[in-house]
Amino acid sequence: MSSNLRLILSALISFVFYFAWTYWANNMVSEDSALVLRSALVQGTLSATITLLFTFALEKSVKKFGQSSFSLVFVVPIICTVHSKTKQNIAIFKTFNAALNLSAQKASGAAVPGTLLAPLLPLLVQASIAITVNWLNQTPNLWLTVAPSIFFTGVYGYIYTFTLLKEREASV
């Protein structure tokens with residue numbers, strides 16, 4: 001299946017599913033049928049659009065991070081300086097430094113594949129947009145409307161990432 005056909009089919013499925021879900025979720029809590037229909041149209045259109053944008057961003061993210069690995073040592077935040085030379089700050093600094101050194105020893109050679117990180121930025125953008133648009137629309141049942149969208153976008157993101165990587169490996 002071509003990339004464009006996959007994109008269009010995914011967007012269409014996304015629209016139909018989230019239109020129906022949002023209509024059902026909001027019809028339970030509101031008597032205003034115009035608001036319920038508008039909410040369903042907004043979420044269905046938003047989901048279809050975001051599916052297209054998310055997939056595009058995901059392909060770029062996989063291209064950049066998919067074959068990379070990140071050392072676990074760099075995941076831990078590092079305190080660079082101690083601003084005050086009090087006994088408490090020096091003790092905290094030494095304790096934190098000791099914890100970092102121990103973590104570095106334990107994680108020696110361990111790495112997090114870029115594949116695990118690739119979908120996170122597009123997912124964060126999608127979640128922010130979905131929540132904001134539905135909040136602005138005054139969707140009656142906001143969290144029940146957007147939670148499945150965010151969850152399934154995450155699942156879709158990881159499945160799509162692994163599919164892209166398998167296709168890339170098969171063509172090499």
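What is the mean pLDDT of the chain, and what share of its residues reach 70 or more? The structure you are looking at is a predicted model, so that is a good place to begin. The mean comes out at 78, and 73% of the residues get to 70 or higher.

**Where to trust the picture**

Confidence in the chain peaks in helix α1, with a mean of 88, and hits its lowest point in strand β1 (residues 69-71), with a mean of 52. Then there is the stretch of residues 71-82, where pLDDT stays under 50. For those residues the model has 15 contacts beyond four places in sequence. A word of caution goes with that: where pLDDT is low, the predicted coordinates should not be read in detail.

**A serine in helix α1**

Now find S14, which sits in helix α1 (residues 3-27). Is S14 buried or exposed? Its relative accessibility is 8%, so S14 counts as buried, the cut-off for that being under 20%. Leaving aside residues up to four places away in sequence, S14 touches S47, A48 and T51. With S47 there is a bit of extra detail: the S14 side chain reaches the backbone oxygen of S47 at 3.2 Å.

**Rings that meet**

Searching the whole structure turns up 8 aromatic pairs. A pair of aromatic rings is described by the distance of the centres and the angle of the planes. Here are two of the pairs, side by side.

| Pair | Centre to centre | Angle between planes | Type |
|---|---|---|---|
| F54 and Y156 | 6.2 Å | 40 degrees | tilted |
| F151 and F152 | 5.1 Å | 75 degrees | edge-to-face |

Why does the F54 and Y156 pair count as tilted? Its planes are at 40 degrees, and tilted is the label for angles that are neither under 30 degrees (stacked) nor over 60 (edge-to-face). F54 belongs to helix α2 (residues 33-65) and Y156 to helix α6 (residues 142-171), so this pair ties together parts that are 102 residues apart in sequence. As for their surroundings, F54 is buried at 4% relative accessibility, while Y156 is partly exposed at 22%.

Turn to the other pair in the table. F151 is exposed, with a relative accessibility of 52%, and F152 is partly exposed, with 42%. F151 and F152 also belong to one aromatic cluster together with F17 and Y18.

**Helix α5 and its two sides**

Next, look at helix α5 (residues 120-136), which has 17 residues. At 1.5 Å a residue they should span 24 Å, and the C-alpha atoms at the ends are 24 Å apart, so the two values agree.

Which residues of α5 are buried? They are P122, L123, Q126, A127, A130 and N134. Viewed down the axis of α5, these buried residues fall within an arc of 135 degrees, so they line one face of the helix. Here is a handy bit of background: an α-helix has 3.6 residues a turn, so residues three or four places apart point the same way. Turned away from the buried side of α5 is a face with the exposed residues L121, L124, W135 and L136.

**Just past the helix**

After α5 comes Q138, in the loop between α5 and α6. Most residues other than glycine have a negative phi. Q138 is not a glycine, yet its phi is positive, at about 60 degrees. Q138 is exposed too, with a relative accessible area of 60%.

Key:
Residues are numbered from 1 along each chain as its sequence is written. This is a predicted model: local features need pLDDT of at least 70, side-chain atom pairs count only at pLDDT 80 or more; totals for chains, interfaces and linings use all residues. Side-chain values use heavy atoms; hydrogens and water are left out. Helices (H or I, at least four residues) and strands (E, at least two) are DSSP runs, numbered from the N terminus. Buried means under 20% relative accessible area, exposed over 50%, partly exposed in between (1.4 Å probe, protein chains only). A polar contact is a pair of N or O atoms within 3.5 Å; within protein, one must be able to donate a hydrogen and the other to accept it, and residues adjacent in sequence count only if both atoms are side-chain atoms. Contact means heavy atoms within 4.5 Å. Rings of Phe, Tyr and Trp (its six-membered ring) pair if their centres lie within 6.5 Å; planes under 30 degrees apart count as stacked, over 60 as edge-to-face and the rest as tilted. pLDDT is the predictor's confidence in each residue, from 0 to 100. The expected span of a helix is 1.5 Å times one less than its number of residues. The arc is that of the directions from the helix axis to the C-beta atoms.
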